[in-house]
Amino acid sequence: MLAIRLPEDIEIRLESLAKRTGRSKTFYARAAILEYLEDMEDLYLAEQVVRRLDSGEERSHPLEEVETRLDLAD
């Protein structure tokens, strides 16, 4: 269970959207949180990769090299 207080202007917008679409405010709050979590998880994973690349622990490969190695080049 989660209870949040929203600024009045956001609450009004959310209520309006819910009424216009026939969905609940909870539906939109849940959707927004899920999208944000996915974005933050992606960002966190990307930052980890950048740190490994910067430290030399991991390296990248040009697309052309990968295509050639996997015999995918035209």
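In this predicted model, the side chains of Arg52 and Glu58 form a salt bridge, with 2.6 Å from N to O. Both partners are partly exposed: Arg52 has a relative accessibility of 26%, and Glu58 has 31%. Elsewhere, salt bridges with shared partners tie Glu11, Glu15, Lys19 and Lys25 into one network.

**Salt bridges between helices**

The whole structure holds 5 salt bridges according to the search. One of them joins the side chains of Glu11 and Lys25. This pair connects distant parts of the chain, since Glu11 belongs to helix 1 (residues 8–21) and Lys25 to helix 2 (residues 25–55), with their positions 14 residues apart in the count. Lys25 also meets the side chain of Glu15 in a salt bridge. That pair again links distant parts of the chain, with Lys25 in helix 2 and Glu15 in helix 1, 10 residues apart.

The table lists three of the salt bridges with their N to O distances.

| Salt bridge | Distance, N to O |
|---|---|
| Glu11 and Lys25 | 2.6 Å |
| Lys25 and Glu15 | 3.3 Å |
| Arg52 and Glu58 | 2.6 Å |

How exposed are the residues that bridge helix 1 and helix 2? Glu11 is partly exposed, at 29% relative accessibility. Glu15 is also partly exposed, with a relative accessible area of 29%. For Lys25 the relative accessibility is 31%, so this residue counts as partly exposed as well.

**Aromatic rings**

The structure contains 1 aromatic pair. It consists of Phe27 and Tyr28, whose ring centres are 5.0 Å apart; because their planes stand at 85°, the pair is classed as edge-to-face. The cut-off for that class is an angle over 60 degrees. Phe27 has a second neighbour to note: Arg23 lies over the face of the Phe27 ring, 4.2 Å from the ring centre. Phe27 itself is partly exposed, at 31% relative accessibility.

**A nonpolar patch on the surface**

Seven names make up the next feature. Leu2, Ile4, Leu6, Ile10, Ile33, Leu34 and Leu37 form a nonpolar surface patch of about 610 Å². Helix 2 supplies the largest share of this patch, 3 residues. Ile33 is one of the patch residues, and its place is in helix 2. With 38% relative accessibility, Ile33 counts as partly exposed. Residues need over 30% relative accessible area to join a patch, so the value of 38% for Ile33 passes this cut-off.

**Helix 3 and Leu63**

Leu63 is found in helix 3, which covers residues 63–69. Is Leu63 buried or exposed? Leu63 is exposed, because its relative accessible area is 56% and the limit for that class is over 50%. Leu63 and Ala73 are separated by 10 residues in sequence, and their C-alpha atoms are 9.7 Å apart in space.

Conventions:
Residues numbered from 1 in each chain as written. Predicted model: local features only at pLDDT ≥ 70, side-chain atom pairs only at ≥ 80, totals over all residues. Heavy atoms only, no water. Salt bridge = Lys/Arg side-chain N within 4 Å of Asp/Glu carboxyl O. Helix = DSSP H or I, 4+ residues; strand = E, 2+ residues; numbered from the N terminus. Buried < 20%, exposed > 50% of the residue type's maximum accessible area, 1.4 Å probe, protein only. Phe/Tyr/Trp six-rings, centres within 6.5 Å; stacked < 30°, edge-to-face > 60°. Lys NZ or Arg CZ within 6 Å of the ring centre and 35° of its normal. Patch = residues over 30% accessible without salt bridge, like charges linked within 9 Å, V, L, I, M, F, W, Y side chains within 5 Å. Areas by Shrake-Rupley, 256 points an atom, 1.4 Å probe, with all protein chains shown as cover.
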